[in-house]
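Reader: I am in my first year of study and should like to look closely at a single part of this model. Could you please take me through the surface that faces the nucleic acid, and then through the contact behind it?

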There are 2 protein chains.
Amino acid sequence: MPGGRNTKQKQHIISILKNADRPLSINEIYNKIIKHLPRIAKSTIYRNIDLLLENNLIEKFHLNDSEIFYRFKEHRNDHAHYIICNECKSVYNLPTCPIREIEASIEAEGFTIKEHQIQINGICKHCSTNM
Amino acid sequence: MPGGRNTKQKQHIISILKNADRPLSINEIYNKIIKHLPRIAKSTIYRNIDLLLENNLIEKFHLNDSEIFYRFKEHRNDHAHYIICNECKSVYNLPTCPIREIEASIEAEGFTIKEHQIQINGICKHCSTNM
DNA sequence: GTAAGTGCAAAATGTTTGCATTTCT
DNA sequence: AGAAATGCAAACATTTTGCACTTAC
């Protein structure tokens, strides 16, 4: 089991995130999980989320304003390049990494790039036809 | 005065942000401002920051992990395209917007882009020579 | 003068921690 | 058996709110 022991709490958290079609907040995870594990404590979710983050299995997002969401990574070295619908919060991947082209010129200036992220917000096709 | 009345609290907050060479957190603003206005309440800073955000004079960042920072906008329609040094937190602007080139293809898929942001983190020239 | 803004204290929110108990391995 | 994880309650940190007082206009 990645990131420690295989508890049913952790199983549920992973499966909830894996099956979600968009990033979830701690509360959303909690509200889903209590249906199956009514006695689970929120601190358990916080602790497991930390473990999963440390083990690079999930990633953290700041969507709208200050709300924090988590998403299961398909590939451990995914890096954040997303198109997010403000309505339904669906997350699409960017097909290419537009940073790659300008990376060289930035590094030429003496800046060492450690990570980068790109986020595009808007309204997806589906939501715009339903409005 | 943009965003309401011209109080000395607001004057100070604006001038602190204008003169900062990097984004500042609420606490950093507070610690600077109490030197001049010892009785200022943190809630006043929160309220003014909200006002300035609504009036599009400053913008909000999530730097490292969950720390929130604010920065004075040079131009009201600046959009976030930054290169940030993880060490000294200096913020540099990206010379070009690499999104522009892929915008058309995303919109062609039926997605309406509302806003986007790009953030590149790393170590700046100055900090890497001092290590 | 009056409405907006402030300071203060209290409340609400979100997250973390300590500890006794439970559960994996 | 032993270590790690859990549930619970309390602690913490951050942000928001209510209200009487002050200040800008």
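**The surface near DNA strand C**

Author: In this predicted model, H3(B) gives the most to the surface near DNA strand C, namely 4 residues. Helix H3 (42-54) of chain A, helix H1 (8-19) of chain B and helix H3 (42-54) of chain B each supply at least two residues of that surface. There are 18 residues around DNA strand C, and those that come nearest are A:Tyr46, B:Thr7, B:Gln9, B:Arg39 and B:Thr44. Of the atoms of DNA strand C that come within 4 Å of the protein, 65% belong to sugar and phosphate. By class, the surface comprises 8 polar, 6 charged and 4 nonpolar residues.

Individual atom pairs add detail. A polar backbone atom of B:Arg5 is 3.1 Å from a phosphate oxygen of DNA strand C, and a polar backbone atom of B:Ala41 is 3.2 Å from a phosphate oxygen of the strand. B:Ser43 addresses a base: a polar atom of its side chain lies 3.2 Å from a base nitrogen.

Chains A and B also touch one another, with 35 residues taken from chain A and 35 residues from chain B. Between them they bury about 2700 Å², 60% of it on carbon and sulfur atoms. B:His62, B:Phe111 and B:Ile120 supply 19% of the area that chain B buries against chain A, more than any other three residues. The count of salt bridges between the chains is 0, while 10 residue pairs are in polar contact across the interface. On the side of chain B that touches chain A, the largest share, 12 residues, comes from S5(B). Strand S5 (residues 112-123) of chain A runs antiparallel to S5(B), joined by 11 bridges; A:Ile113, for instance, has B:Gly122 as its bridge partner.

Conventions
Residues numbered from 1 in each chain as written. Chains lettered and ligands numbered in written order. Predicted model: local features only at pLDDT ≥ 70, side-chain atom pairs only at ≥ 80, totals over all residues. Heavy atoms only, no water. Near = heavy atom within 4 Å. Polar contact = N/O pair within 3.5 Å; in protein donor to acceptor, adjacent residues only side chain to side chain. Nonpolar A, V, L, I, M, F, W, Y, C, P; charged D, E, K, R; others polar. Contact = heavy atoms within 4.5 Å. Buried area = accessible area lost by both parts, 1.4 Å probe. Salt bridge = Lys/Arg side-chain N within 4 Å of Asp/Glu carboxyl O. Pairing = 2+ DSSP bridges.
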